[in-house]
Amino acid sequence: MKKNYYRQLAFLGMLLIILFGFQKYRSNEKEDFSDVRFISNNPKNSHLAEFDPNELDGKQWRNLGFTEKQTTTILNYKKIVGGKFLSKDQFKKCFAVSAEKFSELEPYLILPENNGDSKSSRYNRVEKKSITVSRKFNPDLYNINDWVKMGFSERQAEAIVKYKNYLGGSFVSKEKFKECFIISEENYKKLSGFIILPEKTPASFNNYVKNSIVNTTKIHYRPFDPNVLDAEDWKSLGFSDKQSQTIVNYRDRNLKGSFKNLEDIQKCFVISPEKFEELKPFIRLNLTTVANRYNNTRTETTQQEKTDFSKVDLNTITFKQLLEFGFDEKAAGSMIGFRKKLGGFVNREQILTTYNIDPELTRKLLSVAQLNTSNIPKYTLFDAPEEWLKTHPYFKYSADKIIFYRLTEKDERKLWKLLKIKPEYEARMKLYLK
């Protein structure tokens, strides 16, 4: 009995040894994936703009967040498919680009959706320009037009300016300028000798601090009343565009038009303690200034002859006329500003969507005044100027798609399908289309 027991035990032991040996043999055959790293979202890409993946070199792919191996794979894959990506679908099939990474880059790829679209004679790529520079320059002072004149495409120029804003309004150094993924190694070599910037980035630089200011000249302070300064005046005191507007909004909205004391100024979050100490000796608060300005405006309005609002056109009504009708300054300014951005009101319902207005008072005005729409500029989706599309409130969020898709698609119905816009937004846009 014991003999049979030991035989069975020995048999089980041998079987286990064979199984372990077989498992080890199989594991040795498996491919080693220890070096593979998956692509993750990279905070550097918050400044992305539209780009042609066929124009990017290895450095630029790495600046987009790809590893060395992934970059090599992408460039090799491009050679395999004929030296050029023909469509987004083709680029998506590159296994070094994860689904998440493709979703991140897809809106910015200047490529047709599929290979069929790329064969269309209507899809014409813009010929690549040569970058030329003849004198020293500070890239912080260059706008989109300046970069275009240098030889960059409009989209590349927009990306460069967007990257500068991402850094806080200044490239800070040649080192940081070179990191812009639009700047290839070849172009950087052409530009480097002409750029008026330090070679290296200061150790104290923090590229996540927005609206930082690089002042090259010392500010000469003079006594001032903070209750009468506009955004331009605050800029002259050393604040950026955004900081200046924030201070004005803080005063006019949060504090109802005036700083009452020094503490009110100190509490504005865009004014650092150091900056406040610089400004403090020159601040001259005059609390009667705002009241006097308001009273003067009301006096001038009452002294004027009364307006016959039945003869007034809502597309030409003035700021003073709106005050006369009963609107406050904020509401009147909002209505005039909204009308200017639209290029004119097409219907009365639009006016009711204006921010900061009194709906009842507005309906009263709408029931009395006229609305002449004959002078409002209108275009088709194909001939609308790019600047108009990018600044019009109803079109600006779809402007880049319209500009891109109309290069290849001349049928309006198909173009609307490609844009994938909600019906209510489409109806709103068509108010300004022929």
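## Confidence first

pLDDT is the predictor's confidence in each residue, on a scale from 0 to 100. It matters here, as this is a predicted model. Across the chain the average pLDDT is 78, and 81% of the residues score at least 70.

Two stretches call for some care. Over residues 28–44 the pLDDT is below 50, though the model still gives this stretch 17 contacts beyond near neighbours in sequence. Residues 120–127 also stay under 50, with 14 contacts beyond four places in sequence.

## The overall picture

The chain has 23 helices and zero strands. Of its 434 residues, 40% are buried. Among the contacts with a separation of 6 or more, 59% join residues 24 or more positions apart.

## Two nonpolar cores

In soluble globular proteins, nonpolar side chains tend to be buried together. In this model, the largest nonpolar core has 41 residues, and the members touching the most others are Phe327, Leu365, Leu389, Phe395 and Tyr432. At least two residues of this core come from each of these helices: H16 (319–325), H17 (329–342), H19 (359–368), H20 (386–391), H21 (399–405) and H22 (412–419).

Another core lies apart from that one, with 39 residues. Phe102, Leu109, Trp147 and Leu197 are among its members.

## Helix H12: one side in, one side out

Helix H12 runs over residues 241–254, and its 14 residues should span 20 Å at 1.5 Å a residue. The end C-alpha atoms sit 19 Å apart, which agrees with that expectation. Which residues of H12 are buried? They are Gln243, Ser244, Ile247, Val248, Tyr250 and Arg251. These buried residues cover an arc of only 155 degrees around the axis, so they lie on the same side of H12.

That buried set packs against helix H11 (231–236) and helix H13 (262–266). The other side of H12 has Asp241, Lys242, Arg253 and Asn254, which are exposed. Just after H12 comes Lys256, with a positive phi of about 55 degrees.

## Helix H22: capped and covered

H22 has Leu415, Trp416 and Leu419 as buried residues. They cover an arc of only 100 degrees around the axis, which means they are on the same side of H22. What covers the buried residues of H22? The cover includes H21 and helix H23 (423–430). Facing away from the buried side are the exposed residues Arg413 and Lys417.

Both ends of H22 are worth a look. At the N-terminal end, Asp411 acts as a cap, with a side-chain oxygen 2.9 Å from the backbone nitrogen of Arg413. Just after H22, Lys420 takes a positive phi of about 55 degrees.

## A buried glutamine and a loop threonine

Gln60 sits in helix H2 (residues 58–63). Is Gln60 buried or exposed? Its relative accessibility is 2%, so Gln60 counts as buried. Leaving out residues up to four places away in sequence, Gln60 touches Glu55, Phe181, Ile182, Ile183 and Ser184.

Thr373 belongs to the loop between H19 and H20. With 33% relative accessibility, Thr373 counts as partly exposed, because that class runs between the 20% and 50% cut-offs. Beyond its neighbours within four places in sequence, Thr373 is in contact with Asn315, Phe345 and Val346. Thr373 and Asp313 are 60 residues apart in sequence, while their C-alpha atoms are 9.4 Å apart in space.

## Positive phi in the loops

Val172 is not a glycine, but its phi is near 70 degrees, a positive value. You'll find Val172 in the loop between helix H8 (154–166) and helix H9 (174–178). Its relative accessibility is 16%, so Val172 counts as buried.

Asn356 is another non-glycine residue with a positive phi, this one of about 65 degrees. Asn356 is located in the loop between helix H18 (348–352) and H19. At a relative accessible area of 45%, Asn356 is partly exposed.

Terms used: Residues are numbered from 1 along each chain as its sequence is written. This is a predicted model: local features need pLDDT of at least 70, side-chain atom pairs count only at pLDDT 80 or more; totals for chains, interfaces and linings use all residues. Side-chain values use heavy atoms; hydrogens and water are left out. A nonpolar core is a set of buried Ala, Val, Leu, Ile, Met, Phe, Trp, Tyr and Cys residues joined through side-chain atoms within 4.5 Å. Buried means under 20% relative accessible area, exposed over 50%, partly exposed in between (1.4 Å probe, protein chains only). Helices (H or I, at least four residues) and strands (E, at least two) are DSSP runs, numbered from the N terminus. Contact means heavy atoms within 4.5 Å. The expected span of a helix is 1.5 Å times one less than its number of residues. The arc is that of the directions from the helix axis to the C-beta atoms. A polar contact is a pair of N or O atoms within 3.5 Å; within protein, one must be able to donate a hydrogen and the other to accept it, and residues adjacent in sequence count only if both atoms are side-chain atoms.
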